[in-house]
Amino acid sequence: TVKAVLDELVTSPEPQTYYCGYDLTAGLGQSVGPLIKSRGRQGLLFSGPHKVLPPGRYVLEIWDRPAERIAGCCSVRVYGDGDAIAAQNEIDFSPASDQQALLRLSFELPAQVGDFDVQCRLTAGEISVERLVLIAQ
C-alpha cells in the first residue's frame with residue numbers, strides 16, 4: 001500500500017548525510033565558516049549534530065584539512081540519547097598533502113535515538129574539521 005511505502009521512507013535513513021561545522025556545537029574549537037578549528041587548544045573540540053537517527057548500521061567519517069594539521073592526537077565518542085555507542089581513542093594525526101578521512105568508525109543502533117551526538121576531544125596538536133559524513137549501511 002501507499003501508506004506502507006511512505007512509512008518505510010520515513011523510517012529509513014538517508015544513504016549519506018553530511019554535517020559541516022554549522023551543524024555542530026563548537027566546544028573549545030572556533031567556528032570559522034563551515035570549519036571548526038582547534039586553534040591550539042586541548043579539550044572538547046566539538047559535539048553534535050544532536051539529530052534523530054533511526055536504527056541501523058552506520059559508518060561515521062570525520063574529514064578535516066590535512067595540510068593544516070599540526071601533529072597530535074584526538075579521541076572520538078559516539079552517543080545515542082546520552083549512552084555511549086562507539087569510540088576510538090588515540091587517533092594520531094600529522095600534516096598530509098592528500099585528502100583522507102581523519103576517522104572512519106562503524107557502529108550499529110538497535111533502536112532509534114532522539115539525540116545522536118559525536119564528541120571529539122583533542123589531546124594534542126591542531127586540526128580543522130570540515131565535516132562529518134554519516135553513511136547508512
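Which residues have the most contacts inside the largest nonpolar core? They are F46, I62, F107 and V118. The legends below go from the whole chain to single residues of this predicted model.

**Figure 1. The whole protein chain has 1 helix and 11 strands.**
The model is predicted. From the N terminus on, the order of elements is α-β-β-β-β-β-β-β-β-β-β-β. Along the principal axes, the C-alpha atoms fill a box of roughly 55 × 30 × 25 Å. The radius of gyration is 16 Å, which agrees with the value near 14 Å for a compact globule of 137 residues. Of the 137 residues, 43% are buried. Among contacts with a separation of 6 or more, 74% join residues 24 or more positions apart.

**Figure 2. The surface of the protein chain exposes about 7200 Å².**
Carbon and sulfur atoms supply 50% of that area. The chain carries 12 positive and 17 negative side chains. The centres of the two sets lie 5 Å apart.

**Figure 3. The largest nonpolar core holds 31 residues.**
Which elements give two or more residues to this core? They are β5 (43–53), β6 (56–64), β7 (70–80), β8 (83–93), β9 (101–109), β10 (113–126) and β11 (128–136). F46, I62, F107 and V118 have the most contacts inside the core.

**Figure 4. A close-up of V118 shows its contacts with residues distant in sequence.**
Residues up to four places away in sequence are not counted here. V118 touches F46 and I62, and these two are also among the residues with the most contacts inside the core. Other partners of V118 include S47, G48 and L60. V76, R77, V78 and L132 are also touched by V118.

**Figure 5. C120 sits in strand β10.**
Is C120 buried or exposed? C120 counts as buried because its relative accessibility is 0%, and buried means under 20%. Neighbours within four places in sequence are left aside in its contact list. That list has G43, L44, L45 and F46. It also has C74, S75 and V76. P54 is 66 residues from C120 in sequence. Their C-alpha atoms are 22 Å apart in space.

**Figure 6. S75 belongs to strand β7.**
S75 has 14% relative accessibility, so it counts as buried. Leaving aside neighbours within four places in sequence, S75 contacts Q88, N89, E90 and I91. S75 also contacts Q119, C120 and R121. The contact with C120 links this view to the previous one.

**Figure 7. Strand β5 contains P49 and H50.**
Most residues other than glycine have a negative phi, and most peptide bonds are trans. The peptide bond from G48 to P49 is cis. Its omega is near 15°. H50 is not a glycine, yet its phi is positive, at about 60°. What is the relative accessible area of H50? The value is 36%, so H50 is partly exposed.

**Figure 8. R39 lies in the loop between β4 (35–37) and β5.**
R39 is a residue other than glycine with a positive phi. The angle is near 55°. R39 counts as partly exposed because its relative accessibility is 41%.

**Figure 9. D98 is placed in the loop between β8 and β9.**
D98 has 42% relative accessibility, so it counts as partly exposed. How many residues apart in sequence are D98 and R65? The two are 33 residues apart along the sequence. From C-alpha to C-alpha, D98 and R65 are 9.3 Å apart in space.

**Figure 10. S31 is part of strand β3 (residues 30–32).**
Its relative accessibility is 45%, so S31 counts as partly exposed. Apart from neighbours within four places in sequence, S31 is in contact with A26 and I36. G21 is 10 residues from S31 along the chain. The C-alpha atoms of S31 and G21 are separated by 6.7 Å.

Notes:
Residues numbered from 1 in each chain as written. Predicted model: local features only at pLDDT ≥ 70, side-chain atom pairs only at ≥ 80, totals over all residues. Heavy atoms only, no water. Core = buried A, V, L, I, M, F, W, Y, C linked by side-chain atoms within 4.5 Å. Buried < 20%, exposed > 50% of the residue type's maximum accessible area, 1.4 Å probe, protein only. Helix = DSSP H or I, 4+ residues; strand = E, 2+ residues; numbered from the N terminus. Contact = heavy atoms within 4.5 Å. Rg over C-alpha atoms; globule rule 2.2 N^0.38 Å. Areas by Shrake-Rupley, 256 points an atom, 1.4 Å probe, with all protein chains shown as cover. Lys, Arg positive; Asp, Glu negative; His and termini not counted. Charge placed at Lys NZ, Arg CZ, Asp CG, Glu CD.
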